[in-house]
Structure formats: C-alpha cells, structure tokens
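Please open the model in your viewer and keep the selection tool at hand, since each stop below names what to select and then says what is there.

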Amino acid sequence: MRSSEVSAAGRYVRVYSTERAQQAYGISIWELTVYGTGGANKPPKPEAVNLALNKPVTVSSLEIDEPTRSAEDKARMEERNYAARNATDGDPGTRWSSVYTDTEWIYVDLGEVSEIGSVAFHWEAAYGRAYDIQVSNDAREWTTVYRELNGSGGKDVIPLYTHARYVKMAGIARGSANGYSLFEFEVRAYREGDPQPVYDIPEVKAPSAVPVGAGSYEINDITQLEPKNPKYRTPNIQAPIPSNGWWQSILIANLGDGNGLITLPLKNWYTKQGLAVLNPGAGYVSASGDNIDADGDPDLYLFVNNIHPAEMETKISGYGDYSASVILSDDDTAKMSTTFVKGSPFLYNTFENPDAVIIHSPVLSRLFDDNNNPVLVNDGDVLVTDHIGFEVVNQDRAPAPQTFVRSYGIYAPPGTTFMKLGNTVKIKLGQGDYLSIAALPSATELERYYQHAYAFVTDTRVDYRYDEDTSLVTTNFTSETELKRPGFSEETIMTLLPHQWKITTTPLTELSYPSIRGTLKVREGSTFMTEDRFYGMIPQFVEPSNPDYSRAQLVAYLDQLDADLANGLMIADPYWQGKKLHPLAVAVLISDQLGDTERRDRYLADLRIILTDWYTYSPDEPRHSHYFHYSTYWGSVFPYASGFGLNTGLTDHHFTYGYYVFASAVLATYDKEFLRDYGDMTEVLIRDYANPSRTDNLFPWFRNFDPYEGHSWAGGYADNRSGNNQEAAGEALFGWVGEYMWGLVTGNDAYRDAGIWGFTTEEKAAEQYWFNYDGDNWPEAYKHKVVGHVYGSAYLYGTFFSGDHEMVYGIHWLPSAEWMTYYGRQPEKAAALYQGLIDELGGQHG
C-alpha cells in the first residue's frame, strides 16, 4: 500500500501510468482512495491510539496447561500460539489462548488511568460468545461496562466511554469447545467527537426446561454452543429465521464475507467496490478432471458514490421462498437496496440518491442500443434514455481460460442520464429511484427484456399439493411483482432448472442460458408449475424369497447388531446416535417379519431408552449431555455435542434428525404410549428441519430445503464463494422418509404430504445434479458418473472425509432401505451409475 500527499482541487482524479512494473501485464489497483475536503464522503478520522499496545497482561490460564491435551500435543505447542503477552504485541500472527472452560479471563494494565473510547478483540476461531468488559483502577474491584451475550468471533469492536487503568475481558461462555483465543486485545483512546455510549448490562438467564408432552427441551443455557449471530438484518427480520439457504452469509458477516449469492443464471457477491455481478455460464472442469466450477472475475460492479467504503455494511431486509433483499449502506438509510431472485436474470435495485448510481466494469467492451448499434463510444459522452445494453468480454478461471462475450441490459426510469467515463458508467436516474439489470441470452434480446424490466419482484412463493387419488405431486412457483412504469408488462422473466423444465407443462420460450446445472430455459411470466408422481414407499424391504437369500446370514447380521448394542446405547454426538438408531429401527421391522418377537421387543426397548433420554431435559442431568437446546436467535434446536457443526454451523439437521424421526415412527407403530407421551417432541425435530407450517412461531418453513433448487442444503450459512453445499443425497432423502413415515403413523397429512413433496422433488434433483442421469447437465470433460458435493456454482468429486471412489458413490446410497428403489425407476441409468463405480475401481471384484 502506498500513499501520496498532493495539494490540488478537482472533481475527477486519474492515475496515469507511464511505465508498467511487469511488462507482460497491464496495471492493477485493488483500491484508489482520495482524502480531502468536499467530495461525496467525509475524510476519515486519524486512527485512535492503541493504549494496550505492548502493555503487560494478566490471564487466568494458558492452553499449554489444558488437562485434556496430551503430553505429545503440548510438546508440539509453540508460545506464539498461547502466551499471554501475545494478546498486546501488535502481531496478528501470535495469540493468547486459555484452557477449555467458560470463565477464563484476561486483563491489560494501561500503566495509568486513561480516557478510553473503544475496545477491540481480534478473535481466533476459539472466540468468546458471551463475555463482560470490565474496568478497574486497582485490578481488585471491577466494574462491568459492557456485556456481550451473542458474539460471533472475528473482530469485535465495542465503542464505549470510560476512564480506567485496567481493562478486562471476563469470559462467560465460549463460542467453541476450545477455550478463548485472542490475536489482539486493543484498548483505543477516546477522540474528541467520538460517541460516548453507556450500556445496560443484560441479565444472564438461568437454564430452564420447556415441557413438550412428557418430554422437554432446554432453553437459556448461555454455555450451550450456538450458531453465529444473525445480526446483519433490519428490525423487521425476526426469529424464527430461515437458515441453510443461499443468502444467509449476509446475516452473519458484513458483505457476507464476499461469499456467493447464487441465483442462476447469475452469481453475485458484495465487495468494497460494491455488488459484483457475474454470469458464469456452464463452468469448466478442473485440470484433474475431478471438479466443475463456474467462476471468474466480475462482469460488472454496481455501486453508489454516497457510501463511504470504510463504513459500508450489508443487511438482509426481506426474503421470500426463493428471493432475498439486501440493503447496502453506511448508515441506517437504504442507500442501495437489491432484490435477488433464484432463477431470475434480473437484479432489482432502488436508491436513496438517484444521482449517485455507478456501474463499473474492468472488462467493458461496448455499450449498445436496441438495434445493437454502439452508444456512448467516447469518454464524456452523455445519453438521455431509459435503457442501454452493456457488453463485456471476460474470462473464466479454467486451466486454459476461456473468453466469453456477455451482454446485460440496464433498465432505468424515463429521463435517465448515462455518462461514460472509461470503464465506468455514471447514472443519474430520471423519473424514479429504481434500476434493474438483466443478464441477456444475447445482445439482440435487449428490447424484449425491456418489456419486462419494470415488473420488480417483491415476493416469491412456492406451493405444493399431493393428490392422493392420482399420486400426482404439483408444485407452483409464483413471483409477485410491482410495476414501476405503466404501459409495460406486469410479468417478469424466470428461468427453469433442468429438474423443473423436464416436468413442466407451462409454456416456455425458445431462449435459454448455459449454467452449472445445465441448460436454463426461459419463461416469460411470473408463474410456472411442475408435476411429478409419488410411487409410494414402505419402511423396509419384505423378506426375500429368491434362492440366493439366506435367513441364517440375515440373523448373523442381527447378531452383529446385538454385539454393538452390548457396548452401550447412548452417544453424545447426535449424528452418530442417529447411526445407531437407524439399524435398531430397521432391526425391529426385520425381526418382526422373521417372527422373532423376543428380539423385536428388545430392540423396541432399546429404542425407547435412547429416544426418551434425548427427548427429555432435566436440570439434574449432566450438563451438555443427551438433550436438545433451543436457540431463540434463529429458532432451532440442537444439542451441545456435534462433530459436524449441527450447533455452531446449523449444519446437517435434516441428515441427523431424519434418523431420529424414522426411529420414532417405528417405535410409535408398536408403542402407543411413546406416541402419546413423546410424539410432540418428535415433531419438534420435524418442525426444525422440514416444517410445513408458515405460521409456526418457533421454527421456520422448511429449514433445509431450497424449493427452487429442488434439493436441500447442508450448510447453515452458504459461507462459500460457490454458495451453499450438500454432500449426502441419500441422507437428505432419508430425512423426507422419516417425515413421511411419521405422517403415516400419526395420521398427520401435513407431515405426510410434506414428506412426499420433499422426497419426490429431491430425488428428481439427485438424478439430475448428483448423477446426471440424462447426460446433459455436466461438461463432457468431467470424467466421473457422480459428484460428491453439489455447491451453488460448483461440483466436487470427493467427500468431507474421503476421496475414495466407494465413498463418493456410496454416500448417496445410504442409509440402505426401500426408498432407494426410486433410483432404479430407470434401470439402465441406475446400472450405468453402478458401472461407473466398478470402472473407477478397475473392474468387478468378487
């Protein structure tokens, strides 16, 4: 970074390069910042002095003394990763870390009583979720001046005004199973004109039980591990808040940490330069042939010149079933609001200041009109109109980069002024505060999209119906619009993904887009419908009658289960508990078919022990053991222990709870007392991951399911450049199996129909995106018959735990049960998939 002092006055500032540092390339600047008086933004204040820098600290403990760490671990530990002095040494590569308990602390001695304006904590992954900031003049009597009860780690900056010599972070609850770890503990001096906030200190509530039938769950235990704080939202966004979608990265991090908002055909993300927009196309295969990605540098940036880049912040301001709205601003006003819609080529924007709009593109090649003629050819050219075409020439990130010419439509109010300045178009909106941007299938569609560009999508809704008489599953997609200009179409433009257009009867146009999911087909209209069929399902196969079947071998498998159960029933991690519940439930059904009622009843008794323990919380039981905690911030339940982020990441709820619900359905089939006493607790889990109710005040509608993508997402926040992800198609489908079976056992058609809709839709999506059954969705260069992970704009051949072929294929075939027959409705395609695994392994083995 280089700064230069100049003395000049002007409106425009240009960097003019006379010599390149690298002759093979041009010049590249991350950011150009101009400070002075006047201009759109105020100059920043000089940075406040860090009073804690290199000052002595005192701590409650060091991680080197953690009793659960082995001698071998401790021998490998370096002081740069735990020593107390690291917290104030100014080095971002060193840190203090404590032992693994909640009430650890650290304080710094400023050397004298000082006027303090703020405190900052730079957390490592082991952050403080709840803590006090305390001050003292003698390090004996402490006064709490601030209390955080839902921190998210990263960098916490707390403005406060006080006078003290000693400043302390007193831990209340950790954000991880480790201790507290600080890269840097800063205490900044007060600057004249800084705020002087005084905080009320909130109460730390005591844990309590919420009765549900004969069961219960826990609430208010501050020491429970919680998800990240969904703090980047406007006041109208209240719990229960949807998670596990495609836009939640905005909720938990400013600018969403630059992660992707994938709304195919578009891929969007926020940066300090504004909203980055890319039409990534079909994607490319990695050099290894194992992955597919759709990515590249932005085609363009949308921004406004009245936002200070250093203070810009994003907030979720609204959402629908397949849409979300984000405010970008540097204060409490909505300086730039953007609505993103799944399957839409449009981005819908409104602005506080209609004269402040900027579209910038380093790869801008030309601007054009409806007749594809160039406009705004020269710098300084001005055009008054209501729409222009915007063409870019961009490259992807393929091993051998491919070059693409892409076109966008910019649609504005009448009387709008467009001015070209290099690679920037400055826009002064005319008779309105709105602007839509559309990715065009080609430059010739600029005028056609113009007719739909003023139908701004304000909400989106998905409705489904199961017809028991015909077994048809119907899904309706509706985009509600607000017409910004009279005389234009009230209908928007939508694109259908392959799993949608292959089963729709809604008329489509001849237009299409290439995408990571395959061809997207265009619908001129605000609604469309899909129709599929449900073929029924049973919880387990019936006993075979073919000559190759051996009942003795089957009994031997049950004996293996008995040996496993003899080692104990309860497991702290709920996922692995589910892996114990499922074979137990299946063994009940098998034993019943074999006529072995003694074994069946023993398995039922084991199921009851496990499930009633998990479904009941008592203040007398060991803390953080076999029970569920309710998070009021999100509206979700989860236990303390989780190896896969069920709690802190809101991950895999459908994978995990599907096992519990299926096992509960089997137990309830035989044990009506369990159904009566613990049925409502079973439904707490269903409501958490696959809730058909839109009016539930505790849980969101279908947490894990993305109705537009047609499948679930495993990640809680979509915190990845490629959007959200899901690995195990099989366990996702089994979550629906559990809900469907529970609906049958209880006679609850809402759960039954939700299970049918989710299963039928997700199975279709698995065929298209995990297996590419029709051979038309993946690039030809991809060399496998399956993918292990599906991301919003990428595919990965692999799993989180192994790259072995058996694992990548097999994770979609678990847990084995009758539901898997749906994969085989097209036997030749299922056989080709299996043959793919055999070929990967080098041929059939005995």
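Select T530 to begin, bearing in mind that this is a predicted model: T530 has a relative accessible area of 7%, and because the cut-off for a buried residue is under 20%, T530 counts as buried. The residue sits in strand 32, which covers residues 527–533. If you then display its surroundings, leaving aside residues up to four places away in sequence, you will find that T530 touches V473, T474, T475, F477, Q500, I503 and T504.

Move next to S512, which is placed in strand 30 (residues 512–513) and which, at 35% relative accessibility, counts as partly exposed. With residues up to four places away in sequence again left out, S512 touches P441, T519, L520, K521 and V522. A distance label drawn between the C-alpha atoms of S512 and T495, which are 17 residues apart along the chain, should read 7.8 Å.

Now turn to helix 9 by selecting residues 672–689. Its 18 residues, at 1.5 Å a residue, should span 26 Å, and the end C-alpha atoms are 24 Å apart, which agrees. While following the helix, look for a bend of about 60° at Y678. Helix 9 is mostly covered, with 13 of its 18 residues buried. At the N-terminal end, add D671 to the selection: D671 caps helix 9 there, with a side-chain oxygen 3.2 Å from the backbone nitrogen of E673.

The remaining stops concern aromatic rings, for which the count comes to 65 aromatic pairs. One of them joins Y630 and F699, whose ring centres are 5.7 Å apart and whose planes stand at 85°, so the pair is edge-to-face. Because Y630 lies in strand 33 (residues 629–631) and F699 in the loop between helix 9 and strand 35 (705–706), the pair ties together parts that are 69 residues apart in sequence. Are these two rings' residues buried or exposed? Y630 counts as buried at 7% relative accessibility, and F699 is buried too, with a relative accessible area of 1%.

For a wider view, select F346, Y348, Y411, Y434, Y449, Y450, Y454, F456 and F488, which ring pairs link into a cluster. Within that selection, centre on F456 and add K484, which lies over the face of F456 at 5.4 Å from the ring centre. As a last stop, select W701 together with R694, where R694 lies over the face of W701 at 4.0 Å from the ring centre.

Methods
Residues numbered from 1 in each chain as written. Predicted model: local features only at pLDDT ≥ 70, side-chain atom pairs only at ≥ 80, totals over all residues. Heavy atoms only, no water. Helix = DSSP H or I, 4+ residues; strand = E, 2+ residues; numbered from the N terminus. Expected span 1.5 Å × (residues − 1). Bend = angle between axes of the 7 residues up to and from the residue. Buried < 20%, exposed > 50% of the residue type's maximum accessible area, 1.4 Å probe, protein only. Polar contact = N/O pair within 3.5 Å; in protein donor to acceptor, adjacent residues only side chain to side chain. Contact = heavy atoms within 4.5 Å. Phe/Tyr/Trp six-rings, centres within 6.5 Å; stacked < 30°, edge-to-face > 60°. Lys NZ or Arg CZ within 6 Å of the ring centre and 35° of its normal.
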